Amino acid sequence: TVATKILPPYDRIDITPSLKRLGVDQIDLLYLHQWHDTALQAAAALEKLPVKRFGASNVTLDQLRALGPRFRVIQNNHNLAVRDVSEALRDYCAANDIAIVTYSPLGAGFLTGKHQNGVQAGSRFEIVPGHQNVYFHEAAYRRLARLEAVAKRTGHSQTHLALAWALHQPGIDTVLVGGRTPAHLDQAFAALEFDEHPVLTELTA
């Protein structure tokens, strides 16, 4: 499955360069990368594209409703620190057969604790400073502190617990895991096998 994204504005869309780079005749799943008013005006243009399915990334429930039935997948940030998949959104997607994809299960490294003493050089938070606003706030730090306490008490690493929490969320069809090495994928598979459900419940509180 080939999935890719386009940035707004969406009323002047040309995916021909992407098709050539990918060496394909059509895209299996095309996401609108973020909400933009032009999304509501682009229906006719989208219909003409060689795309099997459309998705929307970083959208609210109201925005998803406004996009209409053509959009069959959503992709939102959802992890222990930042939760952009509400219960209402899950219910709506379940009722309308819309797949939910989540990303950043480790919060771009925030949940590993490596940024506790400042932004690490070369990290996403340094390269894109605006991304710091997503995580560096009271609610996220409070959840990070709970993760640290539970990890210390149970003997599981913060990474393992954070991955397990994201991978065991109800109503989620796919979790995108950024794997730069085979070891990163091994971490994800190990977290998928995590079966200490009371621990996950404690983390959610």
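## Salt bridges, pockets and a surface patch

D28 and K52 join their side chains in a salt bridge, with 3.3 Å from N to O (Lys or Arg side-chain nitrogen within 4 Å of an Asp or Glu carboxyl oxygen). D28 sits in strand β2 (residues 27–32) and K52 in strand β3 (residues 51–57), so this pair ties together parts that are 24 residues apart in sequence. Helices (H or I, at least four residues) and strands (E, at least two) are DSSP runs, numbered from the N terminus.

The model is predicted: local features need pLDDT of at least 70 and side-chain atom pairs 80 or more, while totals for chains, interfaces and linings use all residues. Numbering starts from 1 along each chain as its sequence is written, and side-chain values use heavy atoms, without hydrogens or water.

**Exercise 1.** Is D28 buried or exposed?

*Solution.* Start with the relative accessible area of D28, which is 18%. Then apply the cut-offs: buried is under 20%, exposed over 50%, partly exposed in between (1.4 Å probe, protein chains only). D28 therefore goes down as buried.

**Exercise 2.** How many salt bridges are there in total, and how far apart in sequence are R65 and D62, and R153 and E202?

*Solution.* Step one, the total: five salt bridges. Step two, take R65 and D62, whose closest N and O atoms are 3.6 Å apart. Both belong to helix α3 (residues 61–67), and they are three residues apart, about one turn of the helix. D62 counts as exposed at 56% relative accessibility, and R65 as partly exposed at 45%. Step three, go to R153 and E202, a salt bridge with 2.9 Å between the closest N and O atoms. This pair links distant parts of the chain, 49 residues apart: R153 is in helix α7 (residues 138–154) and E202 in helix α10 (residues 197–204). For cover, R153 is exposed at 53%, and E202 is partly exposed at 32%.

**Exercise 3.** What classes of residue line the largest pocket and the second largest pocket?

*Solution.* A pocket here is an open set of 1 Å grid points, over the protein atoms alone, where a 1.4 Å probe fits, with protein on both sides within 12 Å along at least five of seven lines; lining residues have an atom within 4 Å of a point. The largest pocket has a volume (space filled by probe spheres on the points) of about 620 Å³. It has 20 lining residues, and L106, A108, G109, G178 and R180 are the closest to its centre. By class, that lining has seven nonpolar, 10 polar and three charged residues.

Now do the second largest pocket, at about 160 Å³. Its lining is L167, V175, V177, L185, A188, F189 and L192, with α9 giving the most, four residues. The class count is seven nonpolar, no polar and no charged residues.

**Exercise 4.** Which residues form a nonpolar patch on the surface with F189?

*Solution.* Place F189 in helix α9 (residues 182–192). At 56% relative accessibility it counts as exposed. Patch members need over 30% relative accessible area and no salt bridge, with nonpolar side chains joined within 5 Å and like charges within 9 Å. F189's partners are L185 and L192, and the three have about 300 Å² of accessible area together (Shrake-Rupley, 1.4 Å probe). L185, F189 and L192 also turn up in the lining of the second largest pocket.

**Exercise 5.** Where is T1 found, and how far is its C-alpha atom from that of L29?

*Solution.* T1 lies in the segment before β1 (3–6). Its relative accessible area of 87% makes it exposed. The C-alpha atoms of T1 and L29 are separated by 7.6 Å, with their positions 28 residues apart along the chain.

Key. Nonpolar A, V, L, I, M, F, W, Y, C, P; charged D, E, K, R; others polar.
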